Structures are given as C-alpha cells and as structure tokens.
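Let us walk through a protein model together. Keep the 3D view open and turn it as you read.

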Amino acid sequence: MASSEGFLTDGQRELLKIASQNAENLSSSPKSPSSLLSDHHVKAPAGGKAQTAGIAVRHVRRSHSGKYGRVKKDGAGGKGTWGKLLDTDIVSHIDRNDPNYDSGEEPYQLVGSTVTDPLDDFKKAVVSIIEEYFSNGDVELAASDLRELGSSEYYPYFIKRLVSMAMDRHDKEKEMASVLLSALYADVISPAQIRDGFFILLESADDLAVDILDAVDILALFLARAVVDDILPPAFLARAMKALPESSKGVQVIQVAEKSYLSAPHHAELVERRWGGSTHITVEEVKKKIADLLREYVDSGETLEACRCIRELGVSFFHHEVVKRALVLAMEIRSAEPLMLKLLKEAAEEGLVSSSQMVKGFSRLAESLDDLALDIPSAKALFQSFVPKAISEGWLDASLTNPATEDGEIQVEDEQVRNYKKESVTIIHEYFLSDDIPELIRSLEDLGAPEYNPIFLKKLITLAMDRKNREKEMASVLLSALHIEIFSTEDIVNGFVMLLETAEDTALDILDASNELALFLARAVIDDVLAPLNLEEIGSRLPPKCSGSETVRMARSLIAARHAGERLLRCWGGGTGWAVEDAKDKIMKLLEEYESGGVVSEACQCIRDLGMPFFNHEVVKKALIMAMEKKNDRMLDLLQECYSEGLITINQMTKGFTRIKDGLDDLALDIPNAKEKFGFYVEHAQSKGWLLPSFDSPATEA
C-alpha cells in the first residue's frame, strides 16, 4: 500500500479539478487560484506535507529568478513589477521645455496679503471725531462727520468709544459725551443701536475697571443719565441684568445706577447737574463767565451783545446769579450803575431773565448785605435805591417789598436775632462734638428765646445737611428730644417751612438738598415729631410749584413706602440710629431682669447708662406693657423711682402713656383686659403727678 504522503482527499481532489477547469477565467480575477485555495485552507494530511507532484506545473507561478513570488496587498507588485495603480510616491517633475507643457499644471503658491477689518478702520476713524468734538464742542460737526463716515452698523461701537474716552477725562468731557448722545439719538443713531452700545459697555466694564479706578460709578452715572435723557428705556436695565453674568462688573454698574441715582428723590435734577449741568461746564465756570461778560459790558456798553452772551450761556435756571453780580458790580463801580440797571431792564423786557429769577437775584443780595457792607459801606443804602427804581420801571416784582422791604426801607435783621443765630451755631457745633443732648437743652433754655425755636431748627438741619451721615442722624435724634422737652409742634412746623422756602438757595451750596430735606421731613413723621397732617399744613404754606412743595410730596411718598419706618430710622446709614434699635433691646432686657427679682436702684442705673433721656418714653411704654402681661404691678414702683429721681421727666412719662393709649386696640388683641388695666395705671399716675394735665385718659374721652 502506497504511503499516505502526497495523496489528497476526495474533497481536495474535487476542488483542484474545479480550479483547473476555470484557470483561464480566473486568471484576470482579483484573486489568484492559489488565493482561492488558501481561502479554503487546503491542508496536507497529517503525517507529512503535501507534495506538488500531483498539481499541474503550468498553474504554479514562479519567477524567472527561481524565487517564489506572491502578489502584494492592494495590487502592488514586488521587485520588477509595475506597482499599484495610484502610486503617489513618485515625484513628478514638470519640464517647461516639453512641447506638451501646460502652465496650469504648475503647483499653486499662496501669496500672503494684509486683510483690513472694516470695524478696525471704523474704530480708528471715530477716535479723531471724538477728539475733535472734545476740543471744539461742536455737536453739529460731530454728527456730520459721523454721517459722512458711514458704516452705520458699527454705531454701537461709536457709543462705547465715546463713553470710554470720556470716562478717563474731566467732568466737562463726561457732560459733553452725554449731550452728544442725546443729540445723535434717533436722528443719527437709532434707539436699538443706543441700547446695543450701552450693553457693549456693560460687557466691557471689567476691562474698564482695570484702567479707570472708579469705572463702576462713572459708568453707572452715564447709564442713569441716558435713562434721564430718555435715550434708554428704564426696562433696559432689567433686561441687561438678566443677560450679564452675576459676578460681572456690569451687574454692579446697573445696581449702582438704580440704587444710587435713579431711585433717589429728584434724581433727574441730581443726575443732570452731576457734571455741571446741560451747559457743558461747571457752576464755577458759569460764575466766571458771568463775571467776565459783565466786566466786558462795562467796557463796551453794548447791551444787545451782553444779552446775547447771557443767552448763549444756556443757564436760565442760574440767571439769578447774573442779577446778583450785576447789582454788586453797580455798587463797586459807581459809574457802571446806569449800564447795569439798563442791562437788567432790557433782559427782563426781552424775557431773557424771568421775574422769579430777578426776584431771587435781589433776594440773595439782600441776604448778604451785612457781609457786603464790610467791603462796600454804602451797600445797604444803594440797595434801597435800586429796589424802588426797579419796581417803578416794572422789571422787578413788587412782592419783593414783603420779605425784604417795608415802605421801600430794608428790614435790617434785628441785633437780637443775629446774636441768637451766632449762639445757635456754636451750640450745634458743640453738640456734634459731644453728642450731649441734656447739655444742649440747658444751653437753649439759657438763651431764653423760645420765639426763635424755628430759627434754631433751620440752623440745625442746614448745618447737618452739609456734614456726614453721623451728624444728620444726630440732628434727627435731637429734634425728637427737643420736641418732647421744649419745642412745640408749631415750632417744628414753622422751622420746616422756613427751610423749604429757601430750598432753592440751599441747593446752590448743597447739591442733594431736596433729597436730604425730604428725608428729614419723613424721619420727623416716623419719630412722632410731626403728624402726617402737619405735612399737609406745611405744603399749604408753600407756593404750589416751588422746590419746597416738591420736597413735601417726596416726603409723603417716602412715608407711604413699604417698611417705611424701618428704612427711615436707618436712612442715615446707622450711627445713633442703630443705637435706638440697640436701646430697645437693652430696655427690654433690663426690665425683664428687674421683673424677675432685680433691685430698683440697679434698674435705674441701667436706664441712666443708656444715655438716651429723649428715649425714656420707651421705658415707660415697655414697663406698662410688661405689667399688663405679667399681671405684676411691681413695674409701677420702678416708674415711681425714676420719676422721683428726675430720671424720667413728666414729658417723657406722658409720651409713654400716650403711646400706650394710641395702641390700646391692638394691644387688647393680645391682652384682653388691657383697657381696664391701663385705666388703673392712668389713675395711679395722675395721683402721683407723673402726667401732664393735658393728658386725656381713655375714660375721659369716652
């Protein structure tokens, strides 16, 4: 039997036969016969390797070199073959001398060129427009240049560049930037572009803050000014707030604009004048220009030219300064008197200087006559001659004779009043240093002039308004104490009327005077110094459209606001006002300690240590309420001791009982027999002489 080596199985023989029959057809196939075999995993039988003797020789591919060669993967041949169809490894060279040379076959070469950004060009161009505007102040020229520049789609970036450049300059440029934006609004720059421009500014607030120290506050003022000038809707702030990251400076800008500028009383006037008003210049610069044009008028005598210069100043609200300075110049240079009076007459007849501004100018001069007489001895006599002449010629309202003159004679302030004012200022300054209310009250009593109490109140608040929040708080606290001890409600009302009548003059020296006065008025109501009806009385005694009337209306709105009591008690930012809240807690604790078995003398010492005698009515009120709740009349012993020692005055005692009486209905909800117990306490207090005879008990009223 032949060896098994070299023999194929039946299945393998069949496959080989099929392969042989189709060899010619498969020669062009992607797979060679040998690959087909390999796909079927032809294996030799076990025990040896299959011999090739049984395979037709013509089907075995061999190289002529005698080496067995296989076709490479992807059709690429081995050594001596053509390689694969798309072989890119060969570097081609273009022969420009070839008759078939085509220049289009040359490889492309990228040539670098500078690409200009239209936005960058626009930004560079607007810088020169803004610089030129800041130097000449010509709004029309700036608007024309911006139109000629074109690229209106980039106007929001003009707004950003204008504001950011102004932020790093003086108030004059800031004011000019705001004026230019108002002028361009709608005519050149659309409302939507204004909004986009300010939003870009808010987004870049973090970057601006790196270069400009107070960028947040300045940008907040620009934002508030845009709202006041009606070029931005108030709703823009809320929308922008939502679109900005919470931690960004832009959000801080919006918060400052809303809280510090747009929510303040009389905020429009405050914001418009923050950088010197719509005149593009500051108040000091206006005064200098007025002085210069009047002196030039003295030299030239050209009335029409002087009127034109006054008109070009654009400060109609400040024409009283023109009147005052013209009169002073007429006193200083006697030869200039006819010219100055002629100028004022001409200005009044043309309507250039209103009657109210004319009266105000004369009134301001009348108030400063004492000081002016030190430099011009004949000042009072000259003023006496100016007033009747102006009235007779019809360019000064005859009402000036009421406050300032009588029968054409100047009402020179009484010597006693002048001395009282001087003493009052000294007393107030000492109080601001010592915070000693009892000492101040003793000093006022020593002056012995209760008829001048309204004057003292006016001085107190005027001096406090020009100081820090600490002094404002001290003034409000003092007012509450004075009302209890020596000032009547009528004194308080008259004092506030005097303040509000001169509110416009005060605003010349104190920028935020109207807002401060409104807070003082509202705080007086919260502190029970004034009743809400007193505000109606004060308002009725003022002209309907004056600054004082607006201040009264603002005070009413402050009182009507939600949580007004708490806010107004802290309106000056703490200081003594916080001490009031602390005092309430301390009073409650010392009364609880006394009620649980404390000593009377120790409780009195604690009350004394509080150092707030004007607030002892709170001790009385809380002691009586605790006596009702605990059903323990031991509190009456404490009140008796305090009264006997003079620790709690009869006024403070009466006010404490009055406060309980006013809140009896509410108190009865928690303490059912509150009215019965209070009636008993009133009888006890009256028998001991604790209460003023004017106090009406609930039984008496019934």
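The tour goes from the whole chain to its cores, then to a cavity, and then to single residues.

Start with the whole. This is a predicted model. The protein has 702 residues, and buried residues make up 40% of them. A residue counts as buried when its relative accessible area is under 20%. The chain forms 38 helices and 2 strands. The accessible surface comes to about 38900 Å². Carbon and sulfur atoms hold 50% of that surface.

Next, look at how the chain meets itself. Take the contacts between residues with a separation of 6 or more. Of these, 74% join residues 24 or more positions apart.

Now go inside. The largest nonpolar core has 60 residues. Six of them have the most contacts inside this core: Leu-146, Phe-158, Met-167, Ile-189, Phe-198 and Leu-223. Which helix gives the largest share of this core? The answer is α10, with 12 residues. There is also a second, separate core, made of 52 residues. Among its members are Ala-464, Leu-517, Leu-521 and Val-525.

Stay with Phe-198 for a moment. Set aside its neighbours within four places in sequence. Phe-198 is then in contact with Ile-159, Leu-181, Phe-222, Leu-223, Ala-226, Leu-232 and Phe-236. One of these partners, Leu-223, is listed with Phe-198 among the residues with the most contacts inside the largest core.

Phe-198 also leads us to a cavity. How many cavities of 30 Å³ or more does a search of the whole structure find? It finds 2. Consider the second largest, which has a volume of about 30 Å³. Its lining consists of Ser-178, Leu-181, Phe-198, Phe-222, Arg-225, Ala-226, Asp-229 and Ile-231. So Phe-198 appears here again, and a residue belongs to such a lining because it has an atom within 4 Å of a cavity point. Two helices, α7 (171-184) and α10 (215-228), each supply at least two residues of the lining. The largest share, 3 residues, comes from α10. Helix α10 also gave the largest share of the largest core. By class, the lining has 5 nonpolar, 1 polar and 2 charged residues.

Move along the chain to helix α24 and the loop after it. Ser-476 lies in helix α24. Is Ser-476 buried or exposed? Its relative accessible area is 4%, so Ser-476 counts as buried. Leaving aside neighbours within four places in sequence, Ser-476 is in contact with Phe-520, Arg-523, Asp-527 and Trp-572.

Phe-487 sits in the loop between α24 (469-485) and α25 (489-501). A loop residue can be buried too: Phe-487 has a relative accessible area of 4%, and therefore counts as buried. What is Phe-487 in contact with, leaving aside its neighbours within four places in sequence? The partners are Leu-444, Asn-453, Phe-456, Leu-457, Leu-482 and Ile-492. Pro-450 is 37 residues away from Phe-487 along the chain. In space, their C-alpha atoms are separated by 8.0 Å.

Another loop shows a similar kind of pairing. Gly-301 is found between α14 (283-300) and α15 (303-313). Its relative accessibility is 27%, so Gly-301 counts as partly exposed. Gly-301 and Met-340 are 39 residues apart in sequence. Their C-alpha atoms are 9.4 Å apart in space.

Finish with two backbone angles. Most residues other than glycine have a negative phi. Asp-435 has a positive one, near 60°. Find Asp-435 in the loop between α21 (415-434) and α22 (437-447). At 38% relative accessibility, Asp-435 is partly exposed.

Where is Asp-528? It is in the loop between α27 (513-526) and α28 (532-540). The phi of Asp-528 is also positive, near 65°. With 46% relative accessibility, Asp-528 counts as partly exposed.

How values were computed:
Residues are numbered from 1 along each chain as its sequence is written. This is a predicted model: local features need pLDDT of at least 70, side-chain atom pairs count only at pLDDT 80 or more; totals for chains, interfaces and linings use all residues. Side-chain values use heavy atoms; hydrogens and water are left out. On a 1 Å grid over the protein atoms alone, a cavity is a set of points where a 1.4 Å probe fits but cannot get out, and a pocket is an open set with protein on both sides within 12 Å along at least five of seven lines; lining residues have an atom within 4 Å of a point. Grid points are joined across faces, edges and corners, and a volume is the space filled by probe spheres set on the points. Helices (H or I, at least four residues) and strands (E, at least two) are DSSP runs, numbered from the N terminus. Ala, Val, Leu, Ile, Met, Phe, Trp, Tyr, Cys and Pro count as nonpolar, Asp, Glu, Lys and Arg as charged, and the others, Gly among them, as polar. A nonpolar core is a set of buried Ala, Val, Leu, Ile, Met, Phe, Trp, Tyr and Cys residues joined through side-chain atoms within 4.5 Å. Buried means under 20% relative accessible area, exposed over 50%, partly exposed in between (1.4 Å probe, protein chains only). Contact means heavy atoms within 4.5 Å. Accessible areas come from the Shrake-Rupley method with a 1.4 Å probe; for residues, only the protein chains shown count as cover.
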